[in-house]
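Hi,

Here's the structure I said I'd pass on to you. Have it open while you read, and my notes on what turned up come straight after.

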Amino acid sequence: MEPPELILPGRRGPRSGTPQRPRIGIVKFASCDGCQLTLLDLEDELLTIADRVDLVEFAEATSRRSAGPFDVLFVEGSISTAEQVQEIARLRAVSHRLVTIGACATAGGIQAIRNWFDPDEVRAAVYPEPTYVESLAQARPVADFVAVDGELRGCPISPGQLREFLVALVTGRRPQLPDEAVCLECKRRGVVCVAVAQGIPCLGPVTRTGCGAICPAYGRGCYGCFGPRESANTTSLARWLSDDRSAADVGRLFAGFTAWSVPFRATIDAYGGPPGQVLPARETDDA
Ligand code: SF4
Ligand code: SF4
């Protein structure tokens, strides 16, 4: 996706003629709130930014509420229920720019792994009274339902990328969000390649940069939480990974936080589907 075209010429007040601060909203759908917490983690910088914007909707941080309109609306979470389908359409209609944040909103998130299973079986395995649960058969990214102007990837999003995005927002320029492979961040940091040196499976070659190569820096393989980079050659990487592991294990490597993104999904399907464990029946009180 093209980086968002940002925007925000100062809106002019109807009476005073003075520039108004942009109206910003932050909302969530099916998510853990971790990406919103990244915003709160900016702490001192957040106070500076808050002086430059009008934060009208952010339930995680303030009791101030707004149904819109918004100059920029940040959306966390996947769309997982019929009510959420309606609400995201309403929010889109009242938002000048809509920006998705995190793996849930941009790729469906970890909850999208259920998309490969029978929804009734999943509900029965998880909930004591599955008839009360009204969810869509699939958890899907926001862009499957409404137009999206920009996205911040990751689980959770990167504080550095969020900072860059917000500074671009308040200064009216385009954010600089590179679309390189995680491998390049390893090279810049001097992190020895875990795949080459230790044989650890790593999705770094096909995953978008932004995290600072956190996992390889701690001796782990990247599991792709920032989702596929543009023109990710998942076919080649999967073939290489299959040299010394089963097809099911290769598919499982791609079946993480961004499993439902198109390139990763195609690889998972080509290698026999996601983690293929049989969902156990939920134990009942009288069992
Ligand atoms: S992307 Fe990760 S941190 Fe963000 S809301 Fe989803 S699960 Fe939580
Ligand atoms: S190395 Fe990969 S899995 Fe780890 S934080 Fe970065 S993108 Fe996510």
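On one side of helix α6, Gly160 and Thr171 are exposed, meaning that 12 or fewer other C-beta atoms lie within 10 Å of their own (20 or more would be buried, anything in between partly exposed, and C-beta atoms are placed from the backbone). The other side has the buried ones: Gln161, Leu162, Phe165, Leu166, Ala168 and Leu169. Seen down the axis of α6, these buried residues fall within an arc of 160 degrees, so they line one face of the helix. (The arc is that of the directions from the helix axis to the C-beta atoms.)

Before I go on, a word on what you're looking at. This is a predicted model, so local features need pLDDT of at least 70 and side-chain atom pairs count only at pLDDT 80 or more, while totals for chains, interfaces and linings use all residues. Residues are numbered from 1 along each chain as its sequence is written, and chains are lettered from A and ligands numbered from 1 in the order in which they are written.

Back to α6. The helix runs over residues 159-171, which makes 13 residues, and spans 18 Å from its first C-alpha to its last, close to the 18 Å expected at 1.5 Å a residue. (The expected span is 1.5 Å times one less than the number of residues.) Helices and strands here are DSSP runs, numbered from the N terminus: H or I over at least four residues for a helix, E over at least two for a strand. The cover over the buried residues of α6 includes α1 (34-40), α2 (44-52), β5 (70-76) and β7 (150-152). Right after α6 comes Gly172, with a positive phi near 75 degrees.

Helix α10 (234-241) can be read in a similar way. Which of its residues are buried? They are Thr234, Leu237, Ala238 and Leu241. These cover an arc of only 100 degrees around the axis, which puts them on the same side of α10. On the other side, Ser236 and Arg239 are exposed. Part of the cover for the buried residues comes from α11 (247-254) and α12 (262-270).

Now the strands. β6 (residues 95-101) is mostly covered, with five of its seven residues buried. β5 and β6 pair in the parallel sense over six bridges; two strands count as paired if DSSP finds at least two bridges between them. If you want one bridge to look for, Val72 has Arg97 in β6 as its partner.

On to the ligands. Around ligand 1 you'll find Ser31, Cys32, Gly34, Cys35, Glu76, Gly102, Ala103, Cys104, Gly109, Cys155 and Pro156. A residue is near a molecule if its C-beta atom, placed from the backbone, lies within 6 Å of it. Helix α4 (102-107) and α1 each supply at least two residues of this shell, and α4 gives the most, with three. By class, the shell has six nonpolar, four polar and one charged residues. (Ala, Val, Leu, Ile, Met, Phe, Trp, Tyr, Cys and Pro count as nonpolar, Asp, Glu, Lys and Arg as charged, and the others, Gly among them, as polar.)

The shell around ligand 2 includes Val182, Thr207, Ala213, Tyr223 and Phe226, and among its cysteines are Cys211 and Cys215. How many charged residues does this shell have? None: there are nine nonpolar and two polar ones.

A few backbone oddities are worth a look too. Most residues other than glycine have a negative phi, and most peptide bonds are trans. Here, a cis bond joins Gly68 and Pro69, with omega about 0 degrees, and Pro69 sits in the loop between β4 (54-58) and β5. Another cis bond joins Cys155 and Pro156, again with omega about 0 degrees; Pro156 lies in the loop between β7 and α6.

Ala213, from the ligand 2 shell, has a positive phi near 55 degrees and is found in the loop between α8 (194-198) and α9 (214-217). Ala213 counts as buried because it has 24 C-beta neighbours inside 10 Å. Ser231 has a positive phi near 55 degrees as well, in the loop between α9 and α10, but Ser231 is exposed, with 8 other C-beta atoms within 10 Å.

Finally, the chain as a whole: there are twelve helices and seven strands, and buried residues make up 42% of the 287 residues.

Cheers!

Conventions. Two residues are in contact if their C-beta atoms, placed from the backbone, lie within 7 Å.
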